Amino acid sequence: MEIHLSESEQLGGITATTAAQRIPGFDESYLPRWIGVAFGSLLLLNHFFGSNFVTDAQIRSELLGICLAGYSITVPYLGKFLKGANLVDRSALPDGNRQIFLLSEGLSESLKEDLAWASYVLLKNTNTMSVLISLRDELCVRGYWNTPDDSSKADLFDRFSMQIRKIGFSQLKEALYFPKCSAETVDWEMLPVGTLSILIQPVLGSIEPTKNIAFIFLASSASYSYNDRDREWIKAVANKFTGYDKASGQEGFQLDSTKAM
């Protein structure tokens, strides 16, 4: 098992390729806003410092340009509003959690890669601060969790495994969603501090469709974090692990690295 306190560190030689393709510290979802600000500023500069003689046609063109620039600026905010929830602000996560990345030992390279990819895209493309994937008693735990600072890798693995057995997630046949919860309403020791919504998505076997072979646990620091579209996408990601059904003797899947917005 490996534990990392930085998402940018490698995991057994595995790194998220998309992370290397991104500009550090730059959120591409805000690109329309910066384009709108740039072109809007150029239009205003041209209007006030350009020719003293302005035709009606030029004024209409400038007004149209300002409207388009304003629309581009608001597009990122409209996207978040239509999703039904604000994205998790990583810089303002509840205190008491620490960032970890755990993987069970003895996993095949293909399974390591699939678990790393799945946990990455779930954190990146949903309103999630904590991800836990359990597959055939193997674990991938990533994100922000309420774990003791002095815990060893083995202690953390045992802690999560014990909580999973105690709660009985492996018995789930359908998704379990708590859109608004707290420590008083959901008394699970494994919950990260500040959890306000939870989604548990089971994975049923390909040979035995009624058998739970895995599940994905997601926790968010915002209420009503997962709308219908989010849950359908998360279910699609979870179903990709059906190929790891022991009885089928198959391994591996193709996971899209981006979420259709």
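**View 1. The β2–β3 hairpin of this predicted model.** Just two residues sit between β2 and β3 in this hairpin, with strands taken as DSSP E runs of at least two residues, helices as H or I runs of at least four, and both numbered from the N terminus. Arginine 136 in the turn has a positive phi of about 50°. The two strands run antiparallel and are joined by six bridges; for strands to count as paired, DSSP has to find at least two bridges between them. Look for isoleucine 133, which stands opposite cysteine 140 in β3. A note on the model: it is predicted, so local features need pLDDT of at least 70 and side-chain atom pairs count only at pLDDT 80 or more, while totals for chains, interfaces and linings use all residues. Residues are numbered from 1 along each chain as its sequence is written, and side-chain values use heavy atoms, leaving out hydrogens and water.

**View 2. The open sheet, strand by strand.** Six strands line up in the order β1-β3-β2-β6-β5-β4, with antiparallel pairing. β1 (98-103) and β4 (176-178) are the edge strands, each pairing on one side only. From one strand to the next, the twist averages 10°; axes here are lines fitted to C-alpha atoms (for helices, over the stretch in contact), and angles run from 0 to 180 degrees between N-to-C directions.

**View 3. Neighbours of β3 and β2.** β1 and β3 run antiparallel, with six bridges joining them, and phenylalanine 101 stands opposite arginine 142 in β3. Six of the eight residues of β3 are buried (under 20% relative accessible area, 1.4 Å probe, protein chains only), so the strand is largely enclosed by the rest of the structure. β2 (residues 130-135) also pairs with β6 (residues 212-220), antiparallel over six bridges; serine 130 has alanine 219 as its bridge partner in β6.

**View 4. Two helices against the strands.** Helix α5 (residues 153-167) packs on the sheet and touches β1, β2, β3 and β6, contact meaning heavy atoms within 4.5 Å. The direction of α5 makes about 100° with that of β3. Helix α6 (residues 228-239) lies across β4, β5 and β6, at about 40° to β5.

**View 5. Two nonpolar cores.** A core is a set of buried Ala, Val, Leu, Ile, Met, Phe, Trp, Tyr and Cys residues joined through side-chain atoms within 4.5 Å. The largest has 28 residues, and Leu115, Leu122, Ile133, Leu218, Ile234 and Phe241 have the most contacts inside it. Its largest share, eight residues, comes from α4. Apart from it lies another core of 21 residues, including Ile100, Ile164, Cys181 and Ile200.

Definitions and conventions:
Buried means under 20% relative accessible area, exposed over 50%, partly exposed in between (1.4 Å probe, protein chains only).
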